[in-house]
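Please look through the following chain, and keep its sequence beside the coordinates while reading. The paragraphs below go from the whole chain to its helices, and from there to its strands.

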Amino acid sequence: MNILGYLQRIGRALMVPVATLPAAAILVGVGYWIDPTGWGSDNSLAALLISSGNAILENMAILFAVGIAYGMSKDKDGAAALTGLVGFMVVLKLCSPAVIAMIKNIPVAEVPIAFSKINNQFIGILVGVISAELYNRYSHIELPQALSFFSGRRLVPILNSFLMILLSFVLMFVWPVIYSWLVAFGESIINLGSTGAGLYAFFNRLLIPIGLHHALNSVFWFDVAGINDIPNFLAGAKSIAEGTAVPGITGRYQAGFFPIMMFGLPGAALAIYHGARPENRAMVGGIMMAGAFAAFFTGVTEPLEFSFMFVAPVLYVLHAIMTGISVYIAATMHWIAGFGFSAGFTDLLLSSRNPLAVHWYMLIPQGLVFFCLYYVIFRFTIKKFNLMTLGREPSFIGQIDGHNVGIAVKVSDTEQIQEVAYKYIAAIGGSGNLTGIDSCITRLRLSVKDAGLVNEQVTKRLGASGIIRLNKESIQIIVGTRAELIASAMKEVLSKGPVAAVTENDNSESDIPAEKKYKPQGKDILTLIAPVTGKLIKLEDVPDEAFSSKLVGDGIAIKPTSDTVFSPISGTVVKIFDTNHALCIEADNGVEVIIHMGVDTVSLQGKGFERLVEEGVRVKVGEPLLKLDLEYLNTHAKSMISPIIISNIDDYAGVSIMAESHVIAKESNLFQVMK
């Protein structure tokens, strides 16, 4: 499994719960602004706003457990979310101080303090990932007849509850050690002055993805090691009088966060927005604007940080480094401000009245500098390394709500995908003729009452390569790699009401051009190597009309004898079908390569296939993509003849086959794409 790809899966899954955070942050920030000293106890409206926002912010861990379990599940089913919820509840209960005391037969007071911090993002992410993997593996298990009610999806939450007992047992021994290490580390850098403040800030950001930054915060912000930075700062003149605070020193573990949260991260948000594909910028802009607003005014940065920390870890490391530098600069220059909630505009304004706030206004020009630094560094890094931040993924559309919808559809500005879907429904005889909608990587698989009512001319004018009429009630429309997106849109259109059949009744094929004959000419622009070892098969001999007629594209086929599928080119994996039987890679020069293992293997529901990469990652030629269980596939698949085709062949002169009868994976040249 590609580690970066796996992190990207986690990052995409996190976007659903993270999208709820800006609203919560704004509610809390406004509440603290109304009642900055009582924190809701002196004002009913402030109490209402703060409590409403904290209902979300204080339960981020459980949101992560549920969101990741759902988002990483193979079919985005609610049972996966339930599995994550059940798992988190079990761990939270078994690792609570009261239960630990009962299990170990000790007083609650003797239970390590680490267990009072068990409700954190790290545990939520861990439980979510485990729950998703368990769901993906066992959600289709069939039990004996007597237990059949608990088969399939119902079985997974039950299995997870037992698995979480084992996880809790491990955490009982591991978690206190992890927590104590973090506290000890924090205490070891107290005497480093401004340098220590910068180091603390660097590790504070690095630990946010797993929620363990609270252990460090307790050392520097509160009284674990005698620093007590936040309470001493908030006490102001009283702390100075009692000798527990020193102007220019107290608050140095807080001040440098203001330039980052108010200015730096909004600069990063602007860079991510500008780096998004044009068709995705409206959606990305809304997410980034909400996150930037929350960061600036309230200091809540999770909506922005979680949008890139997993999908582009290098950006998050750069963010941690710049945070450390900012806190070091503020501590060295004695530009001091503090906060009661977080380092946002509200707390900066309120702290300006505190006698311990020294040259606090200098944090604003420092912030403007960091806004520019974040924008330039993030923009350069995103483009230089082609990082898959929000809106840059070829399959971005639909990922925010947890659905995989394939490559972004290429339609004109005036013809949105909903309109395309509406017209396809009308072309096949209207909603009254449509009884079922499904899709493969390149084709719509539709069930109809009467295949004779389908208007082939209209479908071709909509961009379809052709229609395959399997029988009177089943058709396949070849639409290319946007098939899944169109199928999803068709279902949405049908949910809104009936669609009439197209008014044109000319079903003749007199104006349909003859099959295009590709005659390679000019120079080759891309050479594909053999992705598997096996016997070479002409595309015309593939036992599937869509491939043999070259409706899907041009290329060659292989009957594999090796069990690993390697990338035939270097490029970006823009689509992997949920059942792992097919994928699409886009080369840097725009050539789209489809690898379809076997014929009608979508019906195997993923059995016999194991993906080794994820959507959105870059692969090099010869990098492993899929693992095959050839014994199972050769027994159960209709045919294992596997087409390797160029789906956008209309943009090129054709292909030139280089191999003859047998190819060896990663060694044999397969064919060239000609321009």
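Two residues are taken to be in contact when heavy atoms of theirs lie within 4.5 Å of each other. With that cut-off, and counting contacts in the chain between residues at least 6 apart in sequence, 74% join residues at least 24 apart. The model is a predicted one, and its chain of 675 residues has 56% of them counted as buried. The chain contains 23 helices and 18 strands, while its accessible surface amounts to about 28,200 Å², with 61% of that belonging to carbon and sulfur atoms.

Among the helices, α5 covers residues 78-94 and offers a simple check of geometry: at 1.5 Å a residue its 17 residues should span 24 Å, and the end C-alpha atoms are 25 Å apart, which agrees. The buried residues of α5 include Ala79, Ala80 and Ala81, together with the glycines Gly84 and Gly87 and, further along, Phe88, Val90 and Val91. Cys95 counts as buried because its relative accessibility is 0%, and Cys584 is likewise buried because its relative accessible area is 0%. The structure holds 0 disulfides.

Helix α8, which runs over residues 155-188, contains Val177. Is Val177 buried or partly exposed? Its relative accessible area of 34% lies between the limits of 20% and 50%, so Val177 is partly exposed. In sequence Val177 and Ala114 are 63 residues apart, yet in space their C-alpha atoms are 8.6 Å apart.

Thr301 is found in the loop between α14 (281-298) and α15 (302-305), and this loop residue is buried because its relative accessible area is 3%, where buried means under 20%. If neighbours within four places in sequence are left aside, the residues in contact with Thr301 are Arg205, Met261, Leu265 and Ala295.

Further along the chain, helix α19 (residues 417-427) has several buried residues, among them Ile417, Val420, Tyr424 and Ile425. What covers the buried residues of α19 includes two helices, α20 (456-461) and α21 (483-495), as well as two strands, β1 (434-439) and β4 (474-478). Just after α19, Gly429 takes a positive phi of about 105 degrees.

The strands β1 and β4, already met as part of the cover of α19, each pair with β2: 5 bridges join β1 to β2 in the antiparallel sense, and 5 bridges join β2 to β4, which also run antiparallel. On the side of β1, Gly436 stands opposite Ser447 of β2, whereas on the side of β4 the bridge partner of Leu444 is Ile477. Why can β2 be called largely enclosed by the rest of the structure? The strand takes in residues 443-448, and 5 of its 6 residues are buried, so the description follows.

A further group of strands forms an open sheet of 3 strands, whose order is β8-β14-β12 and whose pairing is antiparallel. Its edge strands are β8 (564-566) and β12 (609-611), each of which pairs on one side only, and the twist from one strand to the next averages 25 degrees. Within this sheet, β12 and β14 (residues 624-628) pair in the antiparallel sense over 3 bridges, and Phe609 has Leu628 in β14 as its bridge partner.

Definitions and conventions. Residues numbered from 1 in each chain as written. Predicted model: local features only at pLDDT ≥ 70, side-chain atom pairs only at ≥ 80, totals over all residues. Heavy atoms only, no water. Helix = DSSP H or I, 4+ residues; strand = E, 2+ residues; numbered from the N terminus. Buried < 20%, exposed > 50% of the residue type's maximum accessible area, 1.4 Å probe, protein only. Areas by Shrake-Rupley, 256 points an atom, 1.4 Å probe, with all protein chains shown as cover. Expected span 1.5 Å × (residues − 1). Pairing = 2+ DSSP bridges. Axes fitted to C-alpha atoms, helices over the stretch in contact; angles between N-to-C directions. Disulfide = S-S within 2.5 Å.
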